[in-house]
Amino acid sequence: MEDSKLPMALRSNLLDLFGQIEREFENLYIENLELRREIESLNERLAGEGQTVDGGDLSKGALKTKASHSTSQLSQKLKTTYKASTSKRSNSFPGKVGGPRNFNVGNWELWGGDSWIVSSFKATTSRAVCQLVKEYVGHRDGIWDLAVTRVQPLVLGTASADHCSMLWSIETGKCLLKYAGHAGSVNSIKFHPTEQMALTASGDQTAHIWRYMVQLPLPQPPADISASLDDDVDFSDKDEADGEADGPSECPTIRVATTTLKSHQGVVIAADWLVGGKQVVTASWDRAANLYDVETSELVHTLTGHDQELTHCCTHPTQRLVVTSSRDTTFRLWDFRDPSIHSVNVFQGHTDTVTSAVFTVGDNVVSGSDDRTVKVWDLKNMRSPIATIRTDSAVNRISVSANQRIIALPHDNRQVRLFDMNGVRLARLPRSNRQGHRRMVCCSAWNEENQACNLFTCGFDRQAIGWNINIPALLQEK
């Protein structure tokens with residue numbers, strides 16, 4: 001470190017962060033050893049009766065719960081540290097910014113190699129119901145968010161910590177366009193309801209609106225990727241080789257935004273278009289959400305009230321309603337339907353960070369949290385949830401299909417699960433050593449207009465995945 005060119009304050013901050021991470025790992029390691037001793041002791045006592053306790057069965061016990069909770073807390077700390085370092089220090093690190101691969105978290109037992117700490121539900125859904133169709137590979141860092149365009153041609157958009165956003169051909173997996181106008185991590189992407197415009201939010205404290213024009217390539221014959229494989233085999237090293245590729249070499253690049261929105265004093269973590277596309281809302285770590293006029297770029301309203309950083313924002317598909325999520329364990333519903341009255345309602349149903357809250361086509365809001373639950377709320381009576389889904393891992397940015405209203409839950413533990421609005425589990429997407437995500441899954445997005453590829457997910461393994469979910473068969477199995 002003697003020859004380091006980093007400023008002393010930054011070096012000290014980095015050493016402190018790594019010290020915190022080391023202590024967290026040490027505590028988990030000690031807990032792991034204690035759990036093993038408990039099992040061995042219990043097996044010795046039961047040996048005389050001809051019984052033994054397998055470690056996997058402890059997933060329902062108090063010991064397992066404690067370790068799993070510690071894992072969730074560490075995961076949240078890593079995510080927050082990573083987004084902050086990626087965005088706030090982007091000017092100090094003009095090249096690749098440190099991410100999960102620098103911590104090398106994926107190669108440690110915590111992320112799935114040791115059943116004592118992280119477990120997953122056993123999949124019962126056949127591969128015929130949920131199939132991987134296409135992988136979209138080219139980003140140099142984790143992908144935080146993704147969305148599908150709302151006008152023709154339908155393409156997939158991704159937002160990555162590598163400071164870029166990319167547009168992809170859904171059918172071929174080819175990168176069609178790259179947007180490189182941000183100076184920090186790109187944390188979200190949303191498309192205009194009627195025009196070829198994208199809205200991206202970034203750690204550089206701005207949101208950008210940019211126009212795009214793409215031409216779809218000719219479709220390629222589908223590859224056979226449905227080989228029989230064992231679920232849950234950890235292959236976390238595979239992306240270390242994949243990620244060193246230079247990415248799409250012939251992809252056209254846009255470097256200048258049509259409109260830049262810059263009133264926040266912190267990381268802009270999410271942004272969305274209001275119905276009609278004439279206004280946008282942004283959510284920031286400065287604890288505020290801002291409402292902007294698209295044509296003039298003027299700030300119309302600043303929405304304050306959250307006690308901690310915002311994590312997400314979402315707009316209603318047909319009404320002037322906005323929901324914001326926060327680390328303060330709440331989400332807020334903002335009503336702009338009456339120009340003279342802007343009401344707000346606060347909902348306190350979670351015990352940890354609310355990672356996202358989204359509207360459905362009906363009168364519901366669905367919220368997901370780091371407390372490992374998802375709750376379904378009725379807009380007409382939101383005093384208490386009408387359904388609660390309890391899982392074994394923190395939940396990231398969820399999505400709900402428009403027609404059948406199926407909730408897709410992306411998890412910290414690399415799993416993606418599907419539930420209905422009543423909280424009934426429908427499926428878990430396949431994971432194996434050759435397919436599925438190999439790091440935390442950050443976001444999910446439905447696209448029911450495309451029959452062949454109707455669900456998309458993305459994560460820290462630097463790839464987005466397109467899935468075919470046979471919804472009629474899925475509902476028939478329920």
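Rings of Phe, Tyr and Trp, the last taken by its six-membered ring, count as a pair if their centres lie within 6.5 Å. With that rule in hand, the aromatic side chains are a pleasant place to begin in this predicted model. Y179, F191, W210 and Y212 come together as one aromatic cluster.

Across the structure, the rule gives a count of nine aromatic pairs. One of them is formed by F191 and Y212, whose ring centres are 5.8 Å apart and whose planes meet at 75°, an edge-to-face arrangement. F191 belongs to strand β6 (residues 186–191), whereas Y212 sits in the loop between β8 (207–211) and α4 (238–242), so this pair ties together parts that are 21 residues apart in sequence. How buried or exposed are the two partners, F191 and Y212? F191 has a relative accessible area of 2% and is buried; Y212, at 2% relative accessibility, also counts as buried.

A second pair offers another geometry. The ring centres of F347 and W377 are 6.1 Å apart with the planes at 50°, so the pair is tilted. The reasoning rests on the cut-offs, because planes under 30 degrees apart would count as stacked and those over 60 as edge-to-face. This pair, too, links distant parts of the chain: F347 is in strand β18 (residues 341–347) and W377 in strand β21 (residues 373–378), with their positions 30 residues apart in sequence. F347 and W377 are both buried.

Attention turns next to the cysteines. A disulfide is a covalent bond between the sulfur atoms of two cysteines. A search of the whole structure returns one disulfide, and its partners are C175 and C251, with sulfur atoms 2.5 Å apart. The torsion about the S-S bond of C175 and C251 is about -50°, so the disulfide is left-handed. The bond joins distant parts of the chain, since C175 lies in strand β5 (residues 175–179) and C251 in the loop between α4 and β9 (253–254), 76 residues apart. Both C175 and C251 are buried.

Two further cysteines can be described alongside the disulfide. C130 is buried, its relative accessible area being 1%. Why does C314 make no bond with C313? The closest cysteine sulfur to that of C314 is in C313, at 7.7 Å, which is too far for a bond. The cut-off for a disulfide is 2.5 Å between the sulfur atoms. C314 also counts as buried, at 11% relative accessibility.

The surface has a feature of its own to show. Y29, I30 and L33 form a nonpolar patch there, and together they have about 250 Å² of accessible area. Y29 is part of helix α1, which spans residues 8–47. With a relative accessibility of 42%, Y29 counts as partly exposed, because that class covers values between the 20% limit for buried and the 50% limit for exposed.

These local details can be set within the chain as a whole. The chain holds five helices and 29 strands. It has 478 residues, of which 55% count as buried. Its accessible surface comes to about 21100 Å², with 48% belonging to carbon and sulfur atoms. Among contacts between residues at least 6 apart in sequence, 56% join residues at least 24 apart. The pair of F347 and W377, 30 residues apart, and the disulfide of C175 and C251, 76 residues apart, give two handy examples of links between distant parts of the chain.

How values were computed: Residues numbered from 1 in each chain as written. Predicted model: local features only at pLDDT ≥ 70, side-chain atom pairs only at ≥ 80, totals over all residues. Heavy atoms only, no water. Patch = residues over 30% accessible without salt bridge, like charges linked within 9 Å, V, L, I, M, F, W, Y side chains within 5 Å. Areas by Shrake-Rupley, 256 points an atom, 1.4 Å probe, with all protein chains shown as cover. Salt bridge = Lys/Arg side-chain N within 4 Å of Asp/Glu carboxyl O. Helix = DSSP H or I, 4+ residues; strand = E, 2+ residues; numbered from the N terminus. Buried < 20%, exposed > 50% of the residue type's maximum accessible area, 1.4 Å probe, protein only. Contact = heavy atoms within 4.5 Å.
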